[in-house]
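Hi,

Here is the structure I promised to pass on. Have a look, and my notes on what turned up follow right below.

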Amino acid sequence: MNDAQLRDIAANETRMDKDLNYSSEQLFTEWSKQLSPEHMKLSIEKAAHAQYSTDNGHKRSFGYRYEAFTSLGMLEREKEVVVSVQDGFGIQKELADELMINQGLVKHQYLSNDQVNVIDMILKSTDRFNFVQGDAGTGKTTSMKVLHETLSPTDVQIIGLTYTGKAALELKQKAGFDSQTLHSFLKRPGISKDGRTLLIVDEASMVNSFQMSDIVDLAKANENVKVVFIGDWKQLQAIGAGKMFAELVDKYEDKIVELSETHRFQTTVMKTVSDNIKAYKEGINKNGILMAMAELEKDSSIVIDENSFKLIDCLINNFMDSPDDGLIVCTSNADKDHINRLCSMALIESGEVSQETVSVKSYKEKDVPLVGQQFSSQYRPGQKVFIEQAHGLTPHQIGTVEKSSEFYSVHITIDGAISHTINLQKDKIRPVEEREIDISEGSKIVFTRNDYRLGVRNGSTGKVVGINDGQIEIDTGYEQVKINQDYGFIDLGYAVTAYKSQGMDAKNVLFYYSSENHSMLNSELFYVACSRATHNLKVFTDDKEKLINAASTDKNKYSTAEKAFSEIDFEANTVSKDKTKDYCIEL
C-alpha cells in the first residue's frame with residue numbers, strides 16, 4: 001500500500017505532515033519515538049485493519065517490497081495528473097515554425113544533437129505537457145538559453161519554475177528569462193492573458209505530487225499554457241509525496257526527449273565514473289557503483305583511514321592544494337560544519353585569506369524528526385525558529401518560542417515585541433540554533449535564506465571582499481552586497497551537504513563519507529555528489545565497504561501512479577474511476 005493512508009488513519013495520534021509519505025518501516029521507527037507503546041500499538045492495529053483489498057479480500061501489493069499506505073485523496077490526485085497528461089496530447093499549436101527554429105539554431109553550431117533535439121521538440125510539440133530527461137552535466141541550462149533566444153521575437157512568455165530560490169536566480173541569470181520558485185508561483189501565478197505562456201519546470205524530479213497536480217490544474221485552466229518538465233529521475237527526489245516525474249518519464253518513454261551527452265566532465269576518469277554510476281541507476285549494470293569506485297582507486301583518488309582525525313586532516317590538506325577550485329561535499333550537516341571551520345582555520349593560518357577575523361551571527365538549522373513535526377512538544381521555551389510561512393507574519397524571520405499549548409500550537413515572539421501563535425498544522429516553522437562563525441576578507445560564504453532585497457537566494461555563494469565598522473561586503477559574482485554582523489543568514493561555504501550540492505559544480509570535488517552516517521547516503525545523493533566535479537573527484541572514507549553499500553542503496557519513493565496507469569484505457573483514453581475504491585477505504 002502507499003504511505004498516505006496511514007496519515008489519514010492515525011493523523012490524530014502522530015500529527016504527521018500531510019505533505020509526506022512514509023513506509024510502514026519508517027513509521028514504526030518514528031512512532032516509537034513519539035508515542036507510548038500502548039498508543040503506538042493502537043495506531044498500528046488501526047492501520048492493519050485498513051489495508052487495501054480486492055473484491056475477494058486479498059491485499060494489493062502495489063509491486064513494492066513493503067506494504068504501504070495511501071489515502072483516497074492521493075489516489076485521485078495522482079490519477080488526475082496521469083489522465084490530464086494523456087488528455088493533453090496533440091491539442092495545442094506549435095510554438096514556432098521550421099524557419100524560425102532554423103534561424104535560432106544556426107547561431108549556435110556548438111550545440112550537441114541532444115540539445116538540438118530538445119529545443120526542436122519543445123518548439124514543435126503539440127502536447128500540453130512535455131518531458132525532458134536530462135542527465136547531470138548535459139547542458140540543460142544552455143538549451144533553455146537558446147530556446148529563449150529563439151522565441152524572443154514571438155509573443156510567448158517564458159517562466160522558469162524551480163524548487164529552490166538559488167536555482168531560480170541562476171536560471172534567470174544564465175538562461176535569460178524570468179524565473180521563480182514553484183512554491184511562490186503557485187501562490188500567485190503570473191500568466192499572461194494576451195499571449196501564450198511556456199512554463200519550464202526545472203529539477204522536476206524534486207516536484208511532489210501535490211505540486212505536480214497544482215501545475216497540471218493551472219495549465220488545464222489556461223488553454224494557451226504549455227508546460228515542459230525538465231529533470232533527472234536519477235538525482236534528488238521530492239521531499240514530499242510521490243515521484244510523478246519518474247513515473248511519467250517511464251510511462252511515456254516514446255515521447256520523452258533525453259539529454260545524455262555530457263559536457264561538464266573534462267577528464268576520462270570523470271566520464272567513466274559518471275557513466276558507471278548512471279548505468280547502475282538505470283539498472284543496466286548492477287556493479288556500476290563498484291566499477292566507479294574501482295576507477296577512482298586506479299586513479300589514486302580514494303583515501304581510506306579508520307582514524308577520522310587523520311582522514312579529515314588529509315582532506316583539508318588536499319583542499320588547500322587549490323582552495324579556489326575545490327568543493328567539499330559531505331553527507332551530514334555536522335560533518336559540513338566541522339570541516340568548514342577547519343578549512344577556514346587552515347586558510348587563515350596559510351595567509352590565503354586575511355588573518356583579521358570578525359565574529360558574525362549564523363543560524364544553523366536543527367534536525368527535526370521524520371514524523372511528529374506538528375507536535376508542539378518538539379519545541380522548548382527559548383528555542384529559536386525560522387518562520388518559513390505563517391498566517392499574519394512576514395516570512396523569513398526569526399522568532400523565539402515562549403511556550404507550547406495543546407498539541408498543535410506554540411507561542412512565539414519576534415524581536416521581543418511581536419507576539420504570535422503558530423498553528424503547526426498550517427504554518428511552517430523550522431527550529432534553528434543561533435551561533436557565531438569567524439570570517440575575514442577572502443572567506444567564502446553561502447547565504448542560507450532567500451533575500452530579494454539583496455538579490456540573493458538560499459544556497460547562493462559569495463566572497464567577502466571588505467569588512468568595515470561591522471559591515472560585511474560580499475561579492476556574489478554578479479554584484480556586491482552588504483550585510484551587518486547580526487544578519488544571521490550566512491554560513492561558511494567551503495563544504496556543503498550532498499543535498500545542497502545539486503546545481504553546483506567545481507573543478508575539484510572532495511567527497512567525505514563517515515560510516516557513522518551510513519543511513520544518510522543513498523545512490524541518488526552519491527550520484528549528485530560525484531557528478532559535481534568537472535575534472536577531479538577524490539573520495540575520503542573510513543570504510544570503503546560501507547560506503548559502497550550505502551551508495552548502492554536506492555531511495556525508494558512510493559507512488560500510486562502505477563495503479564492509475566493500469567486503470568486507464570489508453571486507446572479509448574478513459575478511466576475506470578470506481579476502481580479507486582478497491583485500493584482505499586473512506587475514513
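E258 counts as partly exposed, because its relative accessibility is 46% and the buried class stops at under 20% while the exposed class starts at over 50%. Keep in mind that this is a predicted model. The residue sits in strand 6, which covers residues 257–259. On the surface, E258 gathers with D250, E253 and D254 in a patch of negative charge.

Now to the salt bridges. How many salt bridges does the count come to? The count comes to 23. As background, side chains of opposite charge can pair when their charged atoms come close. I went through three of these pairs.

The first one I'd open in your viewer is K234 with D135: their side chains meet in a salt bridge at 2.6 Å, N to O. This pair links distant parts of the chain, 99 residues apart. K234 is in the loop between strand 5 (225–231) and helix 12 (244–251), while D135 is in the loop between strand 1 (129–134) and helix 8 (140–151). Are these partners buried or exposed? K234 has a relative accessible area of 0%, so this lysine is buried. D135 is buried as well, because its relative accessible area is 2% and the cut-off for buried is under 20%. The pair also belongs to something wider: D135, D232, K234, K278 and E282 are linked in a network of salt bridges.

Next up is E297 with K544, whose side chains meet in a salt bridge at 3.0 Å, N to O. E297 lies in helix 14 (residues 288–298) and K544 in helix 19 (residues 544–551), so the pair ties together parts that are 247 residues apart in sequence. With a relative accessibility of 39%, E297 counts as partly exposed.

Then there's R435 with D337, a salt bridge between side chains at 3.6 Å, N to O. Here the parts tied together are 98 residues apart in sequence, because R435 lies in strand 14 (residues 428–439) and D337 in helix 16 (residues 333–350). Both R435 and D337 are buried.

A couple of helices are worth a look too. Helix 8 holds M144 and also T150. M144 counts as buried, because its relative accessibility is 3%. What is the C-alpha to C-alpha distance between M144 and L171? The two are 8.7 Å apart in space, and 27 residues apart in sequence. T150 has a relative accessibility of 4%, so this threonine counts as buried. The side chain of T150 reaches the backbone oxygen of V146 at 2.8 Å. On helices in general, an α-helix has 3.6 residues a turn, so residues three or four places apart point the same way.

Finally, helix 18, which runs over residues 523–530. How many of its residues are buried? Eight of its eight residues are buried, so the helix is mostly covered given the cut-off of under 20% relative accessible area. The buried residues are S523, E524, L525, F526, Y527, V528, A529 and C530. At the N-terminal end of helix 18, N522 acts as a cap. One of its side-chain oxygens lies 3.1 Å from the backbone nitrogen of E524.

Cheers

How values were computed:
Residues numbered from 1 in each chain as written. Predicted model: local features only at pLDDT ≥ 70, side-chain atom pairs only at ≥ 80, totals over all residues. Heavy atoms only, no water. Patch = residues over 30% accessible without salt bridge, like charges linked within 9 Å, V, L, I, M, F, W, Y side chains within 5 Å. Areas by Shrake-Rupley, 256 points an atom, 1.4 Å probe, with all protein chains shown as cover. Salt bridge = Lys/Arg side-chain N within 4 Å of Asp/Glu carboxyl O. Lys, Arg positive; Asp, Glu negative; His and termini not counted. Charge placed at Lys NZ, Arg CZ, Asp CG, Glu CD. Helix = DSSP H or I, 4+ residues; strand = E, 2+ residues; numbered from the N terminus. Buried < 20%, exposed > 50% of the residue type's maximum accessible area, 1.4 Å probe, protein only. Polar contact = N/O pair within 3.5 Å; in protein donor to acceptor, adjacent residues only side chain to side chain.
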